[in-house]
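Notebook open, structure loaded. I want to look up the charged pairs, then what surrounds the ligand.

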Amino acid sequence: MRVLDRVIANSLPFVPKPIVRKVANRYIAGETLDEALGVTAALNRNGIRATLDILGEDVENLEQAQRAFHENLTLLEEIHRRKLDANLSIKLTQLGLKADPKACLEFTGRVVRRAEELGNFVRIDMEDSSCTTDTLQIYRALRKTHANVGVVIQAYLRRTLNDVSSLEDLHPNYRLCKGVYVEPTEIAFQDMAEINRNYIRILEKLLRNGSYVGIATHDELVVREALRLIRELRLPPTAYEFQMLLGVGEQLRDMIRSAGHHLRVYIPFGSDWYAYSVRRLKENPRLAGYVLRAMFKNAG
Ligand SMILES: Cc1cc2nc3c(=O)[nH]c(=O)nc-3n(C[C@H](O)[C@H](O)[C@H](O)COP(=O)(O)OP(=O)(O)OC[C@H]3O[C@@H](n4cnc5c(N)ncnc54)[C@H](O)[C@@H]3O)c2cc1C
């Protein structure tokens with residue numbers, strides 16, 4: 001990231017929310033269920049799968065967790081009713097992981113059960129490192145009774161290869177990503193080349209073990225290495241899929257699709273857009289240009 005982009009990334013907490021919203025619009029499908037399902041239907045028409053995420057995290061009480069739980073159930077029903085090719089991505093801290101872990105397991109289990117009844121699938125997003133162990137434990141508990149649940153692992157964490165080994169008996173359905181939270185060097189690789197090497201090392205292990213992998217990245221180098229592995233292991237397109245975020249890497253997305261690989265787009269929506277938007281903006285290599293342009297347009 002260039003110096004000005006880095007300065008602006010660090011100053012984002014001071015950028016007025018309407019400006020953040022304007023620049024982050026491309027990453028979010030809207031505030032309502034209808035808007036998100038409209039975006040989903042449009043992607044489906046182009047042969048692209050979706051995973052829907054109701055924005056929100058770190059709820060402080062059971063009431064908020066319960067609200068998120070009901071919203072997820074409604075979302076599942078609507079996906080089914082509209083016959084969309086979409087599953088669910090959930091964050092455990094939105095379902096009460098920090099406020100009440102037992103209730104979180106109960107809510108998550110009920111979402112997964114309803115998804116199972118509707119023939120759908122639930123992916124548990126991975127949050128910051130304070131959640132990793134609990135998230136993997138909840139995943140293991142859910143797998144005792146349900147097969148339609150998957151989890152995310154992060155290539156920047158030093159522990160991930162071990163985590164993958166300890167979950168091997170479950171043959172999990174994974175999403176593999178680099179990891180987006182700021183973590184200290186004791187637990188996370190900081191150097192991008194090292195993160196990429198670990199990504200490919202983990203991916204190779206998972207694919208060789210027969211795990212289904214959602215290869216979540218917009219990094220052309222990583223995509224190319226993944227394609228090399230897929231060719232080398234002679235994997236059918238049913239053994240994996242590529243995954244990208246709404247509003248990112250659209251050219252790469254088209255390249256992957258036209259080469260015959262499955263692709264899923266992560267579609268976040270809802271009123272709680274701020275934390276997600278800031279994470280996306282910080283990853284945007286042209287952040288400064290977008291923010292400054294939006295500020296001047298607002299001023300003019
Ligand atoms: C489907 C999906 C689900 C994810 N789920 C999780 C999760 O559960 N937990 C978690 O910690 N992280 C998650 N992530 C985020 C992930 O960890 C990375 O932070 C993010 O994908 C950027 O990494 P990258 O692999 O694209 O590589 P990078 O090297 O960061 O990016 C590669 C290139 O992509 C482009 N790019 C990346 N981000 C942006 C952006 N915001 N705007 C414009 N261009 C951009 C740039 O050109 C960049 O050079 C998810 C990512 C995806 C795609």
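**Entry 1, salt bridges.** I ran the salt-bridge count and got 23. Note to self: this is a predicted model.

I picked one pair to look at. The side chains of R49 and E241 form a salt bridge, with N and O 2.7 Å apart. The cut-off for the count is 4 Å. Where do the two residues of this pair lie? R49 belongs to strand β1 (residues 49–54) and E241 to strand β7, so the bridge ties together parts that are 192 residues apart in sequence. Reminder for the margin: side chains of opposite charge can pair when their charged atoms come close.

**Entry 2, where the ligand is.** I checked the pockets next. The ligand sits in the largest pocket. I find 25 residues surrounding the ligand, and the closest are Y27, G179, T217, H218 and E283.

**Entry 3, who supplies the shell.** Which elements each supply at least two residues of the shell around the ligand? I noted β4 (149–154), β5 (174–177), β7 (240–245) and α11 (274–283). β7 gives the most, with three residues. That is the strand that also holds E241 of the salt bridge above.

I sorted the shell by residue type as well. It divides into 13 nonpolar, six polar and six charged residues.

**Entry 4, polar contacts.** I looked at individual atom pairs between protein and ligand. T217, listed above among the closest residues, has a polar side-chain atom 2.6 Å from an oxygen atom of the ligand. In the side chain of Q154, an N or O atom is 2.9 Å from a ligand oxygen atom. M126 uses its backbone: an N or O atom there lies 2.8 Å from a nitrogen atom of the ligand.

Last lookup, how much of the ligand is covered. The ligand taken alone exposes 930 Å², and the protein buries 85% of that.

Terms used: Residues are numbered from 1 along each chain as its sequence is written. This is a predicted model: local features need pLDDT of at least 70, side-chain atom pairs count only at pLDDT 80 or more; totals for chains, interfaces and linings use all residues. Side-chain values use heavy atoms; hydrogens and water are left out. A residue is near a molecule or strand if one of its heavy atoms lies within 4 Å of it. A polar contact is a pair of N or O atoms within 3.5 Å; within protein, one must be able to donate a hydrogen and the other to accept it, and residues adjacent in sequence count only if both atoms are side-chain atoms. Accessible areas come from the Shrake-Rupley method with a 1.4 Å probe; for residues, only the protein chains shown count as cover. On a 1 Å grid over the protein atoms alone, a cavity is a set of points where a 1.4 Å probe fits but cannot get out, and a pocket is an open set with protein on both sides within 12 Å along at least five of seven lines; lining residues have an atom within 4 Å of a point. A molecule sits in a cavity or pocket if more than half of its atoms lie within 2 Å of its grid points. Helices (H or I, at least four residues) and strands (E, at least two) are DSSP runs, numbered from the N terminus. Ala, Val, Leu, Ile, Met, Phe, Trp, Tyr, Cys and Pro count as nonpolar, Asp, Glu, Lys and Arg as charged, and the others, Gly among them, as polar.
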